[in-house]
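Colleague: I have some questions about how the terms are used here. Could you show me the structure before we start?

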Amino acid sequence: MPTNASSPAAESVGGTPSAHALTDVTASDSTLRRFLHGLPGVDAVGLEGRAASLGTRSIKTTAKAYAIDLAISMVDLTTLEGADTPGKVRALGAKAVHPDPTDRTTPATAAVCVYPDMVATAKQAVAGSTVKVASVATAFPAGRAALAVKLADVRDAVAAGADEIDMVIDRGAFLAGNYLKVYDEIVAVKEACGASARLKVIFETGELSTYDNIRRASWLGMLAGADFIKTSTGKVAVNATPANTLLMLEAVRDFRTQTGIQVGVKPAGGIRTTKDAIKFLVLVNETAGEDWLDNHWFRFGASSLLNDLLMQRQKLATGRYSGPDYVTVD
Amino acid sequence: MSDKNDKTERAERLSVFKTYKLYVGGKFPRSESGRVYEVSDSKDNWLANVPLSSRKDARDAVVAARKAFGAWSGATAYNRGQILYRIAEMLEGRREQYVREVADAEGLSKSKAAAQVDAAIDRWVWYAGWTDKIAQVVGGGNPVAGPFFNLSSPEPTGVVAVLAPQESSFLGLVSVLAPVIATGNTAIVVASEKSPLPALSLGEVLATSDLPGGVVNVLSGRTAEIAKPLAAHQDVNAIDLAGADDVLAKELEIAAADNLKRVLRPQPVDYTETPGIDRMTAFLETKTVWHPTGSLGASGSSY
Amino acid sequence: MASAFEYAPAPESRGIVDIAPSYGLFIDGEFVEAADGKVFKTVSPSTEEVLSEIAQAGEADVDRAVKAARKAFEKWSALPGSERAKYLFRIARIIQERSRELAVLETLDNGKPIKETRDADLPLVAAHFFYYAGWADKLDHAGFGASPKPLGVAGQVIPWNFPLLMLAWKIAPALATGNTVVLKPAETTPLSALFFADICRQAGLPKGVVNILPGYGDAGAAVVAHPDVNKVAFTGSTAVGKEIARTVAGSRKKLTLELGGKGANIVFDDAPIDQAVEGIVNGIFFNQGQVCCAGSRLLVQESIQDELLDSLKRRLSTLRLGDPLDKNTDIGAINSEEQLTRITSLVEQGEAEGAERWSPACEIPTSGYWFAPTLFTNVTQAHRIARDEIFGPVLSVLTFRTPDEAVAKANNTPYGLSAGIWTEKGSRILAVANKLRAGVIWSNTFNKFDPTSPFGGYKESGFGREGGRHGLEAYLDV
């Protein structure tokens, strides 16, 4: 990367940090391409080895209790099905506000995540709580629609009260090398979010396929103004993995060093157990650092994870293993 | 099955017969055809009804073997070695059963049958040790005349159909099967037509040895009937004709030419001898990789 | 590391291992007292607690052990290879079964983190026996001609940094090829070798095939000098290695030596930076840097020095030093007071010579032998810390401008054991690797070991190879 004059490393971080230092990289398709391809490469074996080695951290007792509550507070409790109904969404909202009806000390989840047409219902369901409403938009999950349609999708959700928008990038454009198109689209969506909604940018890492692509997409998303970068839709074969999340954590860490701007990370899909969730929190702790150990900066996109967290929480409280009959089904 | 034979003499208790089934994709199906045939010992006493596999069973076995190939060939050689050794451990624990089955099948005395079984167990150990060594013996760097790194490595050829020897029902079977899977191929074995019981029982051991389902698939029936669709199958990469007679072997070799299967012709083998490496190399491809090395800098300077 | 997410202690249970108050020498299948009745204590370097009292071998014991090995040799070497193989497979399996117990034991006696003994040492030990087990009946295929013969009695002296792994590297190929063994473990780490003696008994290994003689340097010297030893294998310091080479001079003893190193870890400007940082950390802080092939010299391309050092320092700040039995510990104790003194003195010299010393903030336990991860910048080839093997968690950072210069600096040492190359460019990896005078070159990784992969040094790092097909040669009469 240092051989490339426009690479982040070559730029000094002195003075007031801002993404401004990097604005010229988005001046044209070719400058953007040069910048993204000048990022340091990723050695897949090394990356996966590091993720696996952090996966061996043993989190016990007080640390485990802390991690479980933190994880619960970071869950974007999600339902994204064709069969979603107002009843289902209301139940989800109620669960997000009080995940464990038998124990009111249980923290609320960060958000519920629904399709745009369910945002209003969700808002009502979580009214008066800290729980935010996130909505997927931009023709989720494939993203194969005209920009105007995607923007209308976003504006709809924002108008209905969505606090957060989870958009998908145009993977086809990305894989075809049209980085500027992807960038412009994110900028447009960010604008459509207005001042009120935070924007999460979903890469669908399983479709980007290579780690080099995931690093490039991360920087592309952050340059375009993402508040969060998110692994995946949960709708393809490979979703969040420790390795791709570690890579994205490195990206937000480096981006903040470079620009002073902090961006959140959201792994989504495939995280089902407390053990998995804690491994991700260890990744956060030892890669991006404790500044990200907060649901403003880190989220889990998940549905079944919450019940496992609750059962483990009950285990810590009572000393005996809980069972599925002791957590709520929604 | 001597316990079946002397049941009338000493039995207050009636023994439980085993239903012999195929072993395909890690499961134990009956033949889809619903057919069975009678298997007898060397003195013509009935031993069991075993599945008479059809061409569709063969087809299913190929699908299972292909499905298993990616993971098995991609497993580390160390891992494959451990699993082959585990097979030996599991066999050792069921040694008596195999001694009985081999004695019945081949009309051997108990001690001669035991020698066959012991040799078969040791053969798994022999091939367990080969998994991570064969590449060191048949692969290596090549000193090409140019600034290139050049390395040849053996790779498994793919799905291998194995016609097990007709006479040596167990030691022969193991001797042709183990080298095929040791290197990462997956196999469809057609058991000895006359004496399939040890082969069918082997499936039970394989299923409990951490061997992934589909790596070995065992079919019983008429060798000629099953072998023909296998030899002609476009998704089979190689065939070992050990259990075919000369006429059948030639016919199968002609069929195999259609997709240029690697063919190991039948040859006289003393299965009690320590094998060489030829049954492994018969089902290996050699892949050679070139990569430039070049000089260190634009100046062309070098040390 | 003060953080909101403070990991609670997660100690591995010590109860899994039962250490007897005293151990004898293992000669001819029995545990026996030393002839002169001498004993020594082995302590846990993280607490200085005495773990056990060990019989201390002397010259008379060496003679007794060599005689036992000689006696056992006749039958052992005459066994069919397939039978010797099965003994070694048994040993491999028993090690796998008892691996957690042995990992805890090794951590107690050596001071290295349980994470390493559990995830690196023990799996490699079992794999090594498994690998060489398979060779025992395949020697005809090993490329040394038909029916290659064993040498006889192998005298083996091993170090304290990987006690059981070095034992495996020595004993597995020796037995597979039909030799018998007299092995002396290091005086600070005798326990796992003595547990191995018990494993030999569980495996039913014939008496006298393996003899274990805990003791000091004098016992090692006696093993090397014994006239009825046919093969000497030593892993340890270059100074002792040279002494051994002089001792065996003029005899017919076959000799292999795995000695010191001052490995260069070369990071080019196009390296995968995050993985390179991991590789540097693994290269020098694995086993507290007490590794002969450690990447103790970081050669970084000058254009990325600042960026790389920032990343490296940030990463070092996350290393967790402390109780080696805690599953989250990254850096354990230094093996002995003597070693700690040596590290301390070399580091002081580094400072005195003007190099800049840096360590992350970390709490050092009050008892035991500890040294914080340390990094020296502004180091030049002329500094002692760039030339001498420190054998501790101390990294010397040097810079280079061009690949030529990187190679010249990397090779500018009497050692030649290991080196690392970090670049995304394949042809550069191979070109640089071609020029490096070292026995093991890791590209975009570091400190990787495998029983199939030969290991050993150029120049004063010793000669002969352990591991792989090549490792058989040291124990065959070829």
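Colleague: In which helix is the place of C:Leu346?

Modeller: C:Leu346 sits in helix H11 of chain C, residues 337–352. Keep in mind that this is a predicted model.

Colleague: Why does C:Leu346 count as partly exposed?

Modeller: It has 17 C-beta neighbours inside 10 Å. Buried needs 20 or more, and exposed needs 12 or fewer. The count of 17 lies in between, so C:Leu346 is partly exposed.

Colleague: Which residues does C:Leu346 touch, leaving out those up to four places away in sequence?

Modeller: C:Arg384, C:Ile385, C:Asp388 and C:Ile390. A contact requires C-beta atoms within 7 Å.

Colleague: How far is C:Leu346 from C:Ala133?

Modeller: Their C-alpha atoms are separated by 42 Å. Along the chain, the two residues are 213 residues apart.

Colleague: Now chain A. What makes both faces of strand S1 covered?

Modeller: S1(A) spans residues 75–78. A:Val75 and A:Leu77 lie on one side, A:Asp76 and A:Thr78 on the other. All four are buried. That term takes 20 or more other C-beta atoms within 10 Å.

Colleague: How do you know that S1(A) pairs with S8(A)?

Modeller: Pairing needs at least two bridges. S1(A) and S8(A), residues 300–302, have three, in the parallel sense. The test is therefore met. In S8(A), A:Gly301 is the bridge partner of A:Asp76.

Colleague: And what links S1(A) with S2(A)?

Modeller: Three bridges again, also parallel, with S2(A) covering residues 111–114. There, A:Leu77 has A:Val112 as its bridge partner. Between these strands the chain runs through helix H4 of chain A, residues 86–97, in a right-handed β-α-β crossover.

Colleague: What does chain A bring to its contact with chain C?

Modeller: Chain A gives 28 residues and chain C gives 26. On the chain A side, helices H2 (44–54), H3 (61–73) and H12 (274–288) each give two or more. H3(A) has the largest share, five residues. By class, that side holds 13 nonpolar, eight polar and seven charged residues.

Colleague: How many residues meet where chain C touches chain B?

Modeller: The contact takes 27 residues from chain C and 24 from chain B. Helices H2 (81–97), H4 (114–135), H12 (403–411) and H13 (426–435) of chain C each supply at least two on the chain C side. The largest share there, seven residues, is from H13(C). That side divides into twelve nonpolar, nine polar and six charged residues.

Conventions. Residues are numbered from 1 along each chain as its sequence is written. Chains are lettered from A and ligands numbered from 1 in the order in which they are written. This is a predicted model: local features need pLDDT of at least 70, side-chain atom pairs count only at pLDDT 80 or more; totals for chains, interfaces and linings use all residues. A crossover is right-handed if, with the strands pointing away from the viewer, the path from the first strand over the helix to the second runs clockwise. Two residues are in contact if their C-beta atoms, placed from the backbone, lie within 7 Å. Ala, Val, Leu, Ile, Met, Phe, Trp, Tyr, Cys and Pro count as nonpolar, Asp, Glu, Lys and Arg as charged, and the others, Gly among them, as polar.
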